[in-house]
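Work through the exercises below with the sequence and the structure at hand, and try each task before reading its solution.

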Amino acid sequence: MKKWSNLWDRIKCSRKLRCGGFSMALTAGMVVLVVLVAALCDGLENHFALEADFSFNGATSQGEITKNAIAQLEKDVRIYAVVPDSGGDENLLSLLNRYDVSSPRVTVTQENLMKNPALKTHFVDATGTNAVSDDCLIVNCPETGLSRILTEADYTYRSFNMETGYFDETLISYEKTITEAILFVTQESVPCVQILSGHREKSAEETDVLEGTLTEANYKVIRVNLAAGDELNPADPLMILSPQYDLTEEELNQLMDYARAGGDFFFVSEYSAPSDLSNFNALLRAYGIEPLPGLTVAKEEDVNSYYADYPVILMPSMQDTDVTHTLVTQSENILLISEARSFRVQEPQPDGVMAYPLLMTGEAYLRTDVDGEDTVEQQPGDAEGRFAVSVWSDKMFEDGTVSHLFTLGDCNVFLDYWMQMNTSSTPFLLQIIHSLQEKEPVNLDILPKPAQRESLAMGNITPAIMVIVMLPLLVLLGALLVLIPRKNM
């Protein structure tokens, strides 16, 4: 005991030990304080998402549309971020943290398929598209039982690079895709679109772009074969995409029963499809529409009615109707209709029917017997004038039930990715489906963000160079101001 007492006396008497001990204690205290402050800040960030968004494209920020949508949620939503062992997208995870703290209704957890393989069988995408895999998001509402499974393809937009010959990632839509998925799974039912098969209509491979557009807009797409015993749901529009074979009498009766129950049709009849399908034509005539034989060709002198030097690629005029008014007022009315069939609105129209054109050509003619010909130039006897390449019809039955039919003379406008990216194809498609189904789709006006930082021009680099050069000079100047007065001390 005396030994330790003498040691303590020597420490008290030693100025070096006293000062050194104080410095060590102060340093240790500062280290502890810094660790505690860091832990506190980290906890506050995780709880309130206080971290500023320094990404060049604002990818981890939420806009007012998302904040309002989350604030109005009435059902709980769980988001499972399935992250691979190699780690996930930091920007995406940071954005998910903002969703987690934005509302008590939203819960975000990170999962790993190696540790929780049951995720693969427990969750099924309500639109029938993606399956659970590494590096995906599972957005689920326990109350409705609906799930959306999102992968990188759901967030990214690609455009063709003429120099490299590949599609480059140009835009990302984390916020739009996730917020729409949250609203989708909290619905009571899934909006659905049916596609008729069994008459050599467009195949699933040919309609891949079309179906992708619909599923991105949170529609479920199913194929229906009447000959195989499938049944139609009158609540969901039926797409008939350029059939090559005719309906049977029984199938025609099934379609008319579907219409009497309020079912709606999305009918495409291309020029290349047979024009003598009597039962399909009977369906159109029941809605006051008659398909016209011949290829619709623009007259060369009407240069604003066709694309470049191709008079068979029409640029029709969108009519301002109840169906298209929103598109016209928002200038979403640029379409390219290629190798199209035209239609005639019957006069007089059948009882209970009101049909009217949606898309009209400029001055054009109908070129018949094109097969085997080297030219589509107008021939004597070809009908000419302005033609409807798209018609809308409302049909009211005796009991007051109303059925709608939309028809178009070209399918490629919806099947081609270039058309989707460079024309108003997608807004037009979604507006038509919305008008047929009469149910508001989950489609938020949230703009995607650029995926790649723009190359720096010299004008943009100059301020950065000035900061890089000036900062060390300012530090040197400050040091000189401090040191010069002390040089003689």
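**Exercise 1.** Compare the reach of helix 14 (residues 425-437) with its expected span.

*Solution.* Helix 14, a DSSP run of H or I with at least four residues, numbered from the N terminus, has 13 residues. The expected span is 1.5 Å times one less than the number of residues, and the 18 Å from the first C-alpha of helix 14 to the last is close to the 18 Å expected.

A note on the source: this is a predicted model, in which local features need pLDDT of at least 70, side-chain atom pairs count only at pLDDT 80 or more, and totals for chains, interfaces and linings use all residues. Residues are numbered from 1 along each chain as its sequence is written, and side-chain values use heavy atoms, with hydrogens and water left out.

**Exercise 2.** Decide how far helix 14 is enclosed by the rest of the structure.

*Solution.* Buried means under 20% relative accessible area (1.4 Å probe, protein chains only). Eleven of the 13 residues of helix 14 are buried, so this helix is largely enclosed by the rest of the structure; among the buried residues are F428, L429 and I432.

**Exercise 3.** Describe the surroundings of L429.

*Solution.* L429 lies in helix 14 and, at 2% relative accessibility, counts as buried. Leaving aside residues up to four places away in sequence, L429 touches L210, T213, L214, M239, F266 and F414, where contact means heavy atoms within 4.5 Å. The C-alpha atoms of L429 and F414 are separated by 7.4 Å, although these residues are 15 apart along the chain.

Key. Helices (H or I, at least four residues) and strands (E, at least two) are DSSP runs, numbered from the N terminus. Buried means under 20% relative accessible area, exposed over 50%, partly exposed in between (1.4 Å probe, protein chains only).
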